[in-house]
Amino acid sequence: FDWLVLLIAKTGLRFSEALAITPKDFDFPHQSLSVDKTWDYKGNGGFLPTKNKSSIRKIQLDWQTIVQFSELIKNKSETKPLFVKLGDKVYNSTINDLLCRRCKEAQVPVISIHGLRHTHASLLLFAGVTIASVARRLGHASMTTTQKTYLHIIHELENKDIDLVMRALSSL
């Protein structure tokens with residue numbers, strides 16, 4: 001499940017989307033991951049449609065993640081989920097407990113699996129990635145969802161922009 005945590009941290013996937021990832025979803029030459037299904041972890045297992053039409057997307061991956069997952073999926077069935085054995089149950093709380101232990105071992109603040117999604121988006125926004133790109137990456141149905149969810153970060157970035165504008169104006 002450490003690989004599951006890594007994938008969510010690197011992509012901002014929803015928990016159910018990450019559970020549904022199969023080796024076939026990776027496009028290593030194009031460094032991308034296709035998201036087109038979820039896993040029914042609350043029910044009887046099995047693939048389900050995504051949350052909304054916008055949730056069907058391709059997510060670009062960094063080369064380190066590509067290398068790591070290309071090794072992980074060797075000799076795995078193309079169409080079976082990487083993180084769930086058919087017939088087994090995976091609980092959100094199990095993964096959150098694992099993540100809690102890992103955070104404590106690393107002596108960093110404890111975060112939940114869903115918190116990784118928020119952290120992923122926040123880091124992108126602070127790095128200067130546009131709200132539109134973050135919304136697409138997260139599979140939000142509209143940019144408004146992203147704006148509402150990350151309003152506090154947007155305000156912080158606006159304050160930073162005001163400082164930049166003032167410095168630029170003072171040098172005229």
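How many aromatic pairs does the protein contain? In this predicted model, the count comes to 5 aromatic pairs. One of them joins Phe15 to Tyr41 in an edge-to-face arrangement, with 4.7 Å from centre to centre and 85° between the planes. This pair links distant parts of the chain: Phe15 belongs to helix H2 (residues 15-19), whereas Tyr41 sits in the loop between strand E3 (38-39) and strand E4 (47-48), and the two residues are 26 residues apart. Both Phe15 and Tyr41 are buried. The rings of Trp39 and Phe47 also form a pair, with centres 5.1 Å apart and planes at 85°; planes over 60 degrees apart count as edge-to-face, and the pair of Trp39 and Phe47 is therefore assigned to that class. The two partners differ in burial. Trp39 has a relative accessible area of 5% and is therefore buried, while Phe47, at 38% relative accessibility, counts as partly exposed. Elsewhere, ring pairs link Trp3, Phe26, Phe28 and Phe69 into a cluster.

The overall fold provides the setting for these contacts. The protein has 8 helices and 5 strands, and their order along the sequence is α-α-β-β-β-β-β-α-α-α-α-α-α. The C-alpha trace spans about 65 × 35 × 30 Å along its principal axes. Of the 172 residues, 38% count as buried. Among contacts with a separation of 6 or more, 60% are made by residues 24 or more positions apart.

The surface was examined by area and by charge. The protein exposes about 10,200 Å², of which carbon and sulfur atoms supply 58%. The protein carries 23 positive and 16 negative charges, and the mean positions of the two sets are 4 Å apart.

Helix H3 (residues 63-72) contains Phe69, a member of the aromatic cluster, and the buried residues of this helix include Thr65, Ile66 and Phe69. These residues cover an arc of only 100° around the axis, and therefore lie on the same side of H3. The cover over the buried residues of H3 includes helix H1 (2-11), strand E1 (26-27) and strand E2 (32-35).

A buried face is also found on helix H6 (residues 131-138), where Val134, Ala135, Arg137 and Leu138 are buried. Viewed down the axis of H6, the buried residues fall within an arc of 165° and so line one face of the helix. Elements covering these residues of H6 include H1, strand E5 (57-60), helix H5 (113-126) and helix H7 (143-149). Helix H1 thus appears in the cover of H3 and also in that of H6. Just after H6, Gly139 adopts a positive phi of about 80°.

Helix H8 (residues 151-170) includes Leu151. With a relative accessibility of 42%, Leu151 lies between the limits of 20% for buried and 50% for exposed, and this residue therefore counts as partly exposed. Leu151 and Leu7 are 144 residues apart along the chain, and their C-alpha atoms are separated by 25 Å.

Methods: Residues are numbered from 1 along each chain as its sequence is written. This is a predicted model: local features need pLDDT of at least 70, side-chain atom pairs count only at pLDDT 80 or more; totals for chains, interfaces and linings use all residues. Side-chain values use heavy atoms; hydrogens and water are left out. Helices (H or I, at least four residues) and strands (E, at least two) are DSSP runs, numbered from the N terminus. Buried means under 20% relative accessible area, exposed over 50%, partly exposed in between (1.4 Å probe, protein chains only). Contact means heavy atoms within 4.5 Å. Accessible areas come from the Shrake-Rupley method with a 1.4 Å probe; for residues, only the protein chains shown count as cover. Lys and Arg count as positive and Asp and Glu as negative; His and the chain ends are not counted. The place of a charge is taken as NZ of Lys, CZ of Arg, CG of Asp or CD of Glu. Rings of Phe, Tyr and Trp (its six-membered ring) pair if their centres lie within 6.5 Å; planes under 30 degrees apart count as stacked, over 60 as edge-to-face and the rest as tilted. The arc is that of the directions from the helix axis to the C-beta atoms.
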